[in-house]
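Visitor: I would like a close look at one part of this protein, and a careful account of how that part and its surroundings are put together.

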Amino acid sequence: MISPKIDEKTIEKLRALINGVQRIAITCHKSPDGDALGSSMALCHVLRRLGKDAVVVTPDMVPKSLEFIPGMREVVVFTKHEQRAKKVLGEAQLIFCLDFNSIKRIDRLGEIIEPLNVKLVLIDHHLDPEDIFDVSISFPEASSTCELVFRVLMQMGLLRYMDRMAASCLYVGLMTDTGGFAYSCDDPEFYEIMASVMRRRFDRITLYNKALNTFSADSVRLQGYALCEKMQLFPEQGAALIVLSKEELERFNYNRGDTETLVNKPLAIPEIYWSVFMREDPDRIKISCRSQGDFSVSEICARYYNGGGHENAAGGEFDGTLDEAVAVFHQILEDLFPQPAAPDLPSTSNQQTINN
Ligand code: 5GP
Ligand code: MN
């Protein structure tokens, strides 16, 4: 049995909010991934079947690799259709915030949403959500936001509106946020949710391959290059680092999504239990981290890279050069794995070495 984890008062409040409105906007974090888009689209499909005018607004572009998610063509992308996005949000009577915990994760959409006199509903599985939401459904232990959307629908008695399209969308998030059912899915209820979703009989294999196993030729070559030429290993600290510059990305005609699973690859090496990938984007350095076991990369990303996330999958942004971001990585190694000082060095000269 799937237990009702969300408290009844919250569900009642949400029910009243949904019943009282017609126009609903749904938004998710920037650089949206399979869980952000899958949960947003699934909820959108169900709300539409309930007769609501529901629209998904994303802060920025949807990666080409996720365009297969049912209904994705109707998503309003803020950076592409700013006026339309402002209109949808301005007219919304209720806004769902999916798969993010802090308003800064939606970039400029935050500035638009914050002054609006509209109720905000959070459904999310990141640690430490901000206290700005009228309804907050936050379960960091959940596999994905898609799992939480399922639980919300179940507890509201709306599962009969979960059609094949909505189920496909949920499947994408359940699959991608667990790395293809590899991690964050120890809870037996996860599989009961999967079973319920699977009963809608969509083309599971095609979705799986499109979400996890489809890359352009350029992307496959870029990943090969990165692993062969750019992967640095630090076996004593269990770490791997891959850094790709703007020039390297351009050489392989980089498109968003092309490096999606690259950061996981070094974890195949037995000595490596945490992996860092740095990508020089036009406006910032994007950091992605993955780990295995109880080594928390979310703390590292929060402390050093202005980010956060989950224990084993986190990310951040670095405002500086690629070299500076790499220097911070070396600082992390020093901080987390301090080398014993050489016994014959006087402490003053040791100090000098650090300062230099
Ligand atoms: P990815 O490495 O796939 O971009 O992100 C993995 C996870 O890290 C995301 O699901 C999200 O939870 C978190 N994350 C990624 N980038 C950021 C960021 O810039 N800030 C915060 N707070 N979390 C991030
Ligand atoms: Mn997620």
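At what angle do helix α11 (residues 297–304) and helix α12 (residues 322–336) pack, and how far apart are their axes?

Guide: This is a predicted model, in which local features need pLDDT of at least 70 and side-chain atom pairs count only at pLDDT 80 or more, while totals for chains, interfaces and linings use all residues. Residues are numbered from 1 along each chain as its sequence is written, chains are lettered from A and ligands numbered from 1 in the order in which they are written, and side-chain values use heavy atoms, with hydrogens and water left out.

Helix α11 (residues 297–304) packs against helix α12 (residues 322–336) at an angle of about 120°, and their axes lie 12 Å apart. Helices here are DSSP runs (H or I, at least four residues), as are strands (E, at least two), numbered from the N terminus; an axis is a line fitted to C-alpha atoms, for helices over the stretch in contact, and angles run from 0 to 180 degrees between N-to-C directions. The two helices are therefore oblique to each other, the word for what remains once angles under 35 degrees count as roughly parallel, over 145 as roughly antiparallel and 65 to 115 as roughly perpendicular. In passing α12, α11 makes a right-handed crossing, where the near helix is turned clockwise from the far one by less than a right angle (anticlockwise would be left-handed). On the α11 side Ile300, Arg303 and Tyr304 take part, and they meet Val328, Ile332, Asp335 and Leu336 of α12, contact meaning heavy atoms within 4.5 Å. Of the residues in this contact, five are nonpolar, none polar and two charged; Ala, Val, Leu, Ile, Met, Phe, Trp, Tyr, Cys and Pro count as nonpolar, Asp, Glu, Lys and Arg as charged, and the others, Gly among them, as polar.

A second pair of helices can be described in the same terms. The axes of α2 and α6 come within 8 Å and cross at roughly 160°, which makes α2 roughly antiparallel to α6. Their crossing is left-handed. From α2, the residues Gly34, Asp35, Gly38, Met41, Ala42, His45 and Val46 meet Met165, Ala166, Cys169, Leu170, Val172, Gly173 and Thr176 of α6, and this contact divides into eight nonpolar residues, five polar and one charged.

Helix α6 also packs with helix α8 (residues 204–212), their axes coming within 10 Å and crossing at roughly 50°. These two helices are therefore oblique to each other, and α6 passes α8 in a right-handed crossing. The contact is made by Ser168, Tyr171, Met175 and Thr176 of α6 together with Arg204, Leu207, Tyr208, Ala211 and Leu212 of α8, and its residues divide into six nonpolar, two polar and one charged.

Thr176 of helix α6 deserves a pause. With a relative accessibility of 18%, Thr176 counts as buried, a word used under 20% relative accessible area, whereas exposed means over 50% and partly exposed lies in between (1.4 Å probe, protein chains only). Its neighbours within four places in sequence set aside, Thr176 is in contact with Gly34, Asp35, Ala211 and Leu212.

Asp35 leads on to the metal. The manganese ion (ligand 2) has as its protein donors Asp35 (OD), Asp99 (OD), His125 (NE2) and Asp177 (OD), which lie 2.2 to 2.3 Å from it; donors are N, O and S atoms within 2.8 Å of the metal (3.2 Å for Na, K and Ca), and water is not among the atoms, so sites may look incomplete. Along the chain the donors of the manganese ion (ligand 2) follow the spacing D-x63-D-x25-H-x51-D. Because Asp35 lies in helix α2 (residues 34–49) and Asp177 in the loop between α6 (164–176) and α7 (188–198), this pair ties together parts that are 142 residues apart in sequence. Both Asp35 and Asp177 are buried.

Two loop residues complete the account. Most residues other than glycine have a negative phi. Arg201, although not a glycine, has a positive phi of about 55°; Arg201 sits in the loop between α7 and α8 and, at 67% relative accessibility, counts as exposed. Asp128, in the loop between β5 (119–124) and β6 (135–138), has a positive phi near 50°, and with a relative accessible area of 67% Asp128 is exposed.
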